[in-house]
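I opened this entry to look at how the parts of one protein sit against each other. The notes follow in the order I looked things up.

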Amino acid sequence: MRTRPLKVALLGCGVVGSEVARIMTTHAGDLAARIGAPVELAGVAVRRPAKVREGIPQELITTDAKGLVSRDDIDVVVEVIGGIEPARTLITTAFEHGASVVSANKALLAEDGATLYAAAEKHGRDLYFEAAVAGAIPLIRPLRESLAGDKVNRVLGIVNGTTNFILDKMDTSGAGYSEALDEATALGYAEADPTADVEAFDAAAKAAILAGIAFHTRVRLDDVYREGMTEVTAADFASAKQMGCTIKLLAICERAADGRSVTARVHPAMIPLSHPLASVREAYNAVFVEAEAAGRLMFYGPGAGGAPTASAVLGDLVAVCRNKLAEATGPGESVYTQLPVSSMGEVVTRYHISLDVADKPGVLAQVATVFAEHGVSIDTVRQTGKDGEASLVVVTHRAPDAALSGTVAALRKLDTVRGVASIMRVEGE
Ligand SMILES: NC(=O)c1ccc[n+]([C@@H]2O[C@H](COP(=O)([O-])OP(=O)(O)OC[C@H]3O[C@@H](n4cnc5c(N)ncnc54)[C@H](OP(=O)(O)O)[C@@H]3O)[C@@H](O)[C@H]2O)c1
């Protein structure tokens, strides 16, 4: 074993960074044996240097992150600051100075992964980011390496623990959205400002990363259709139950049937209770990968939290250090297919539409005509009526999203349709 240590610069020492530092220290012997050389924490960049950080020698703490990544003796930079800047500049500077990079930064990878990959390639270094999607769950490496000989057609998953916790509470206790969010906040599953989670920005970033890797094409955050889950109601859950379904916030990345384009989207959807994703409870994550030869694979586990996320970071650190010793690099960006990303209008799926209508003869026929005119075929209709008003629940066969949007716009114009109470996609069948 080499005795000269590999030097690691840690950028950020918060929820994830503090756990990375702890595991690096407590498992130093095992890590050295697995890598073939000791790893040494050479510096830790933070915002607030005075904060007490257990187990980290004060002389390693710095507020000069730029200075730390510009040192020529650093072998690996671990970026767990988050956000776009200064993280992007720090990572590119690290590559310029000869370091490889391990990052957990989904926001940056989804927004501008291309810049990071290009800098890594230019300087012949590694960019690893297992922790950026679904915390501890091995997903990036299986997609980049284990499935490199297969053809992935679909990635379908629950990639945000906060929203899964909220939806699970609504499902099991009958709580409304606000009540379930309050409980998630009280238990530490939701942040004080939950926007990134409940409006699905976080899940959209992960979908962009997964789609890009799965289909070997470039998918950016802007390419991902995004719908949050704040509008999901207890009534939606009641409807879902009647259909033998539950509701999950899903990230769905698909190759088109003709293979010429891909789509990436994040939105709440009904899935059958028989689908494995329906039984993913609380804040857990799970991702289904469908590949041509491998068939259906499911990855399940804790999608966030300091220690689970640090586990993924440490796995990358070991891999990157091994590469460094072997004077090799792991896989870089793979975008050779250059498949375009289609808009949401071209996505084909099933829909559950709940309408408030006048309870009088002929309404059902009127509604059915509108669906037919837009080429959306109806699977089932359920009507309940009382005191002149009725609720009509229509479940469609598979149809393009644009056709469904046209149908809904036309339905809103009917005098007999008082309102469109909810529209929910039905997935996983
Ligand atoms: N938390 C999770 O469960 C989780 C899961 C998967 C991925 N991630 C990703 O991991 C990354 C870190 O998340 P986190 O939850 O650990 O965040 P966090 O607890 O807010 O920690 C951020 C750390 O970065 C430091 N920092 C912020 N701005 C800085 C700057 N300009 N220069 C130097 N240091 C700076 C902070 O310093 P101070 O300590 O002085 O404030 C803090 O130590 C993010 O990209 C996140 O998306 C997190």
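How much area do domain 1 and domain 2 bury between them? I read about 1,500 Å², with 58% of it on carbon and sulfur atoms. I note here that the model is predicted.

**Domains.** I looked up the division next. Domain 1 takes in 6-135 + 306-326, domain 2 covers 140-302, and domain 3 covers 344-426. Taken over C-alpha atoms, the centres of domain 1 and domain 2 are 28 Å apart.

**Contacts between domain 1 and domain 2.** I found 18 residues of domain 1 in contact with 17 residues of domain 2. I then checked the charged pairs and got 2 salt bridges between these domains. Asp316 forms a salt bridge with Arg141, and their closest N and O atoms are 2.8 Å apart. That distance falls within the 4 Å allowed for a salt bridge. For polar contacts across this interface, I have 7 residue pairs, both residues at pLDDT 80 or more.

**The domain 1 side.** Which elements give two or more residues to the side of domain 1 that touches domain 2? I listed α5 (106-122), β6 (127-128) and α12 (306-325). Of these, α5 gives the most, with 6 residues. By class, I have 12 nonpolar, 2 polar and 4 charged residues on that side of domain 1.

**The sheet.** I traced an open sheet of 6 strands, in the order β3-β2-β1-β4-β5-β6, with parallel pairing. Why is one side of β3 and of β6 left without a neighbour in the sheet? β3 (61-62) and β6 stand at the edges and each has a single partner strand, so one side of each has no neighbour there. I followed one edge further: β2, residues 39-45, pairs with β3 in the parallel sense over 2 bridges. In this pairing Ala45 stands opposite Thr62 of β3.

**Backbone oddities.** I kept the general background in mind: most residues other than glycine have a negative phi, and most peptide bonds are trans. Where did I find a cis peptide bond? One joins Glu85 and Pro86, with omega at about 10°. Pro86 is placed in the loop between β4 (76-79) and α4 (87-96). I also noted Glu327, which has a positive phi of about 50° although it is not a glycine. Glu327 lies in the loop between α12 and β13 (348-358).

Definitions and conventions:
Residues numbered from 1 in each chain as written. Predicted model: local features only at pLDDT ≥ 70, side-chain atom pairs only at ≥ 80, totals over all residues. Heavy atoms only, no water. Domains from an automatic or database assignment. Contact = heavy atoms within 4.5 Å. Buried area = accessible area lost by both parts, 1.4 Å probe. Salt bridge = Lys/Arg side-chain N within 4 Å of Asp/Glu carboxyl O. Polar contact = N/O pair within 3.5 Å; in protein donor to acceptor, adjacent residues only side chain to side chain. Helix = DSSP H or I, 4+ residues; strand = E, 2+ residues; numbered from the N terminus. Nonpolar A, V, L, I, M, F, W, Y, C, P; charged D, E, K, R; others polar. Pairing = 2+ DSSP bridges.
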